[in-house]
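I opened the notebook to keep track of what I look up in this structure. Short entries, one topic at a time.

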Amino acid sequence: MKYAEKIVLLYIESLKLMDKDEIRNRLKDSPKLKKLADWLIMNPVETRPRWYVRLLAPLYQHRGRHAKIHRSARMDTPPYRHFHLGDYSVVESFACINNAVGDVWIGDHTRIGLHNTIIGPVSIGDHVNLAQGITVTALNHNFQKRDQLISQQGISTKKVTIENDVWIGANAVILPGVTIGTHSVVAAGAIVTKDVPPYSLVGGVPAKILKQL
C-alpha cells in the first residue's frame, strides 16, 4: 500500500475514534495540517476525493440496511463530513452526491433519481421521491468583489431541508436555505427559492404555491 493510502487509512480510523467537529476545529487551528489533509484527500483539479479515498468510502459512509448506490453514481464524500443513506434508500445511476462543504443526510425509503445532484449541507427525510435531473444545492459562490475572480472569492452555504413524504418532479432546482415541508409536491422544472409550507403543491420560475393539498 502506498504511503498516501496509509495516511488516509489512519485518518479514517481517527475519525471513528474522535468527534468530527473536534477534528475540524483542530484542523482550523493548524493551517499547515489542514492544507496537508486537504491535499491528501481531495484532488484540487478534479475537486473530488482522490481515487484511493473513494476506494475506502464503504469504511466511513453510513449505508443503511438494503440501501443501494448504483455504480455509476459519483460519490464525492470525503471522510471529514457525514454521509448517511437510510434503510431501503437508493441513489440512482449518474447521480452526484457531494458533502465536501456540508453533511448530506438521506432518510429511509428515499429515492435519489437519475442524474440528480445533491450538494450539502442537505437533509432529506423519509419516503422522499426525487425524479430525474434534479439539483438540490446548499452552496453559492461569492461574487461581490469586482476586482477579484469569482473562483477566488470562496463560497457560502445555507442548509437545505426536505422533510418526509415529499415528491419533487423532474429537472426541478432547490436553492440554498430552502425548507420543503412534509407531504409537499414540487412540479417539474420548478426553481424553488423560498420555503414551501407543508401539504403544498408549488411550481413555476420562481416556484409559487399553486394549491394546498
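**Entry 1: Ile-69**

I began with Ile-69, which sits in strand 4, residues 68-69. A reminder to myself: I'm working from a predicted model.

Is Ile-69 buried or exposed? I got a relative accessible area of 13% for Ile-69, and the cut-off for buried is under 20%, so Ile-69 counts as buried.

Next I wanted to know what Ile-69 touches. Skipping its neighbours within four places in sequence, I found Ile-69 in contact with Gln-61, Arg-63, Met-75, Phe-83, Leu-85 and Val-91. I also checked Ile-69 against Val-90: the two are 21 residues apart along the chain, and their C-alpha atoms are separated by 5.8 Å.

**Entry 2: Asp-87**

I moved on to Asp-87, in the loop that runs between strand 6 (83-85) and strand 7 (90-91). Which residues is Asp-87 in contact with, leaving aside its neighbours within four places in sequence? My list reads Gly-64, Arg-65, Asp-108 and His-109.

I looked at Arg-65 in more detail. A polar atom of the Asp-87 side chain lies 2.8 Å from the backbone nitrogen of Arg-65.

**Entry 3: two open sheets**

Before tracing the sheets I noted some background: strands of a sheet pair through backbone hydrogen bonds, either parallel or antiparallel.

I traced one open sheet of six strands, in the order 3-6-9-12-17-20, with parallel pairing. Its edge strands are strand 3 (62-63) and strand 20 (179-180), and each of them pairs on one side only. Inside this sheet I picked out strand 12 and strand 17 (residues 160-162), which run parallel and are joined by three bridges. There, Ile-124 stands opposite Ile-162 of strand 17.

Then I traced another open sheet of six strands, ordered 5-8-11-14-19-22, with parallel pairing. Why is one side of strand 5 (74-76) and of strand 22 (191-192) left without a neighbour in the sheet? Both stand at the edges with a single partner strand each, so there is nothing in the sheet on the other side. I looked at one pair here too: strand 14 (residues 135-137) and strand 19 (residues 173-174) run parallel, with two bridges between them. Thr-135 faces a partner in strand 19, and that partner is Val-173.

**Entry 4: strands 21, 23 and 24**

I followed strand 23 to see what it pairs with. Strand 21 (residues 185-186) pairs with strand 23 in the parallel sense, over two bridges, and Val-185 stands opposite Leu-201 of strand 23.

How many bridges join strand 23 to strand 24, and in which sense do they run? I counted four bridges, and the two strands run antiparallel. One facing pair I wrote down is Val-202 and Ile-209, the latter in strand 24. Strand 23 and strand 24 make a hairpin with four residues between the strands, and in this hairpin Gly-204 takes a positive phi near 105 degrees.

**Entry 5: backbone oddities**

For context, I jotted down that most residues other than glycine have a negative phi, and most peptide bonds are trans. I went looking for exceptions.

Where did I find cis peptide bonds? One runs from Gly-120 to Pro-121, with omega near 5 degrees. Pro-121 is in the loop between strand 11 (117-119) and strand 12 (122-124). Another cis bond runs from Val-205 to Pro-206, with omega near -5 degrees, and Pro-206 belongs to the loop between strand 23 (200-203) and strand 24 (208-212).

For positive phi I noted Phe-94, near 65 degrees and not a glycine. Phe-94 lies in the loop between strand 7 and strand 8 (96-98). I also noted Asn-171, another non-glycine, with a positive phi of about 65 degrees. Asn-171 is in the loop between strand 18 (167-168) and strand 19.

**Entry 6: the largest pocket**

Last, I checked the largest pocket, which has a volume of about 440 Å³. Strand 1 (42-43) and strand 15 (139-141) are the elements that give two or more residues to its lining.

Which residues lie nearest the centre of the largest pocket? Out of 14 lining residues, I noted Met-42, Thr-47, Ala-100, Val-101 and Ile-155. By type, the lining divides into eight nonpolar, five polar and one charged.

Note on methods
Residues numbered from 1 in each chain as written. Predicted model: local features only at pLDDT ≥ 70, side-chain atom pairs only at ≥ 80, totals over all residues. Heavy atoms only, no water. 1 Å grid on protein atoms, 1.4 Å probe; cavity = no way out; pocket = protein on both sides within 12 Å on 5 of 7 lines; lining within 4 Å. Points joined across faces, edges and corners; volume = space filled by probe spheres on them. Nonpolar A, V, L, I, M, F, W, Y, C, P; charged D, E, K, R; others polar. Polar contact = N/O pair within 3.5 Å; in protein donor to acceptor, adjacent residues only side chain to side chain. Contact = heavy atoms within 4.5 Å. Pairing = 2+ DSSP bridges. Buried < 20%, exposed > 50% of the residue type's maximum accessible area, 1.4 Å probe, protein only.
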